[in-house]
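Open the model in your viewer and keep the selection box ready. We will go stop by stop.

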Amino acid sequence: MTLKNEMWSPASLAAQAMGHIDATTGAIIPPIHPATTYLRDPDNEYRTGWSYSRSGNPSYQAAEELLTHLEGGVETQLFASGLAAATAVVMALRPGDHIVAPLVMYWSLRNWLVGPATEWGLEVSFADMTDLAAVERAIKPGRTKLIWVETPSNPLWRVTDIAAIAKIARHAGAKLTVDSTCATPVLSRPIEHGADIVLHSATKYLNGHSDVIAGTLTTAAKDEFWQRICAIRTQSGGVLGPFEAWLLQRGMRTLFLRVREACTTADRLAHHFRHHPKLAEVLYPGLPDHPDHAIASRQMSGGFGGMLSIRLAGADNAAQQAAIACAAKVKLWKRATSLGGVESLIEHRASIEGPGSPVPLGLLRLSVGIESADDLIADLEAALAAAGPTS
Ligand SMILES: Cc1ncc(COP(=O)(O)O)c(C=O)c1O
């Protein structure tokens with residue numbers, strides 16, 4: 001039994017992870033299936049549909065079905081990580097194909113694109129996704145098969161107009177994949193704007209508790225490209241463990257509450273710190289003077305996300321020192337990489353990205369959790385007071 005074919009709101013479907021009731025026990029929480037293999041019928045068939053867990057595990061169903069509904073897609077696949085999901089999309093291309101990706105994007109994926117993907121015969125061009133003419137110029141007619149968008153994008157929180165890029169992709173005959181990790185389906189549904197595939201690092205908001213590494217892809221159509229992606233999950237083996245899949249469906253039950261709270265607090269922080277004398281800039285799409293505020297207001301609903309960045313004032317080196325000093329002084333914020341958990345994280349982003357990173361040296365990335373907004377503001381105020389020069 002499930003709420004699948006009923007017209008409940010996304011928040012209700014999420015709260016009950018699609019409302020599955022176990023047919024034999026009446027349990028309202030799904031079981032975990034640790035089995036790696038399943039009994040074949042005497043006539044040599046697999047009538048249950050399950051054969052070997054690298055091809056699929058019933059523990060995936062609750063999270064996959066829920067995400068398909070939340071994203072308005074037709075099918076979802078769980079992966080061992082966000083990067084396993086992202087690389088599966090790229091590996092579904094063929095040698096000689098061309099990809100257009102964002103100039104500033106999740107750094108590890110950018111490195112994978114310029115490294116292994118290129119070595120395997122794919123060509124990648126990077127373009128400013130907020131400049132539609134630049135994206136059009138980057139298209140190689142007949143060869144561009146994938147456009148990659150991340151919105152809001154890490155860690156400058158630029159917002160890409162998905163519908164406009166979808167139009168360019170359709171015209172070029174390319175697939176559009178949107179990394180919607182930081183928007184979550186609570187705030188944005190890229191398929192409604194024309195995306196073909198939506199990616200999440202489920203490690204972040206979907207799970208929300210910093211205790212699972214997972215990735216997801218949701219497709220708008222079960223076409224040949226999607227079938228290739230599904231085959232790659234099985235063949236390259238980037239599958240999620242059943243316990244992690246179970247934790248993920250548990251985490252997703254509180255997705256709406258967590259994301260709404262994080263958005264409200266992030267918005268408060270952005271407004272509170274925007275004119276702070278120790279800061280050169282606060283980057284948050286919810287601020288009216290953010291360059292993409294108009295697009296974000298159109299494309300996102302219910303908030304502008306729980307992620308923001310602050311840039312410490314001063315020239316490069318001084319700003320970097322001030323940023324690192326500020327991160328060293330916080331007590332409630334946790335000094336750690338990653339994002340989207342219930343605990344707030346602060347990170348000097350250029351340090352983790354290393355040489356070649358386009359991120360300003362004085363930038364601190366803030367992932368806002370669900371602690372008291374007053375406490376988070378007070379902790380950051382105190383840390384800023386103890387750090388660096390004033391602008
Ligand atoms: C926007 C974004 N996409 C993808 C990833 C990769 O996800 P994972 O770490 O689950 O492999 C990350 C990880 O930080 C991310 O921030």
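A residue counts as buried here when its relative accessible area is under 20%, and as exposed when that value is over 50%. Keep in mind that this is a predicted model.

**Stop 1: helix α8**

Select residues 224-236. This is α8, a helix of 13 residues. From first C-alpha to last it reaches 18 Å, close to the 18 Å expected at 1.5 Å a residue. Now colour Phe-225, Trp-226, Ile-229, Cys-230, Ile-232 and Arg-233, which are buried. Their arc around the axis is only 155°, so they sit on the same side of α8.

What do these buried residues pack against? Show α2 (61-71), α3 (82-91) and the strands β1 (75-79), β5 (175-179), β6 (197-201) and β7 (215-219): the buried residues of α8 pack against these elements.

Turn to the face of α8 that points away from the buried side. Glu-224 and Gln-235 are there, both exposed. Then step just past the helix to Gly-237, which has a positive phi of about 80°.

**Stop 2: α2 against α9**

Keep α2 on screen and add helix α9, residues 242-252. The two axes come within 8 Å and cross at roughly 40°. The helices are therefore oblique to each other. Show side chains for the contact. From α2, pick Ala-62, Ala-63, Leu-66, Leu-67 and Leu-70. From α9, pick Ala-245, Leu-248, Gln-249 and Met-252. How many of the contact residues are nonpolar, polar or charged? The split is 8 nonpolar, 1 polar and no charged.

**Stop 3: Glu-45**

Go to the loop between α1 (10-15) and α2, where you will find Glu-45. Is this residue buried, exposed or partly exposed? Glu-45 has 43% relative accessibility, so it counts as partly exposed. Draw a distance from its C-alpha to that of Ala-221. The two residues are 176 apart along the chain, and the C-alpha atoms are separated by 28 Å.

**Stop 4: helix α14**

Select residues 373-385 for α14. This helix has 13 residues and reaches 18 Å between its first and last C-alpha, close to the 18 Å expected at 1.5 Å a residue. Its buried residues are Ala-373, Leu-376, Ile-377, Asp-379, Leu-380, Ala-383 and Leu-384. They cover an arc of only 165° around the axis, which puts them on the same side of α14.

Finish by showing what they pack against. The helices are α10 (255-273) and α12 (316-329). The strands are β8 (279-283), β9 (307-312), β11 (345-348) and β12 (363-367).

Note on methods
Residues are numbered from 1 along each chain as its sequence is written. This is a predicted model: local features need pLDDT of at least 70, side-chain atom pairs count only at pLDDT 80 or more; totals for chains, interfaces and linings use all residues. Side-chain values use heavy atoms; hydrogens and water are left out. Helices (H or I, at least four residues) and strands (E, at least two) are DSSP runs, numbered from the N terminus. The expected span of a helix is 1.5 Å times one less than its number of residues. Buried means under 20% relative accessible area, exposed over 50%, partly exposed in between (1.4 Å probe, protein chains only). The arc is that of the directions from the helix axis to the C-beta atoms. Contact means heavy atoms within 4.5 Å. Axes are lines fitted to C-alpha atoms, for helices over the stretch in contact, and angles run from 0 to 180 degrees between N-to-C directions. Angles under 35 degrees count as roughly parallel, over 145 as roughly antiparallel, 65 to 115 as roughly perpendicular and the rest as oblique. Ala, Val, Leu, Ile, Met, Phe, Trp, Tyr, Cys and Pro count as nonpolar, Asp, Glu, Lys and Arg as charged, and the others, Gly among them, as polar.
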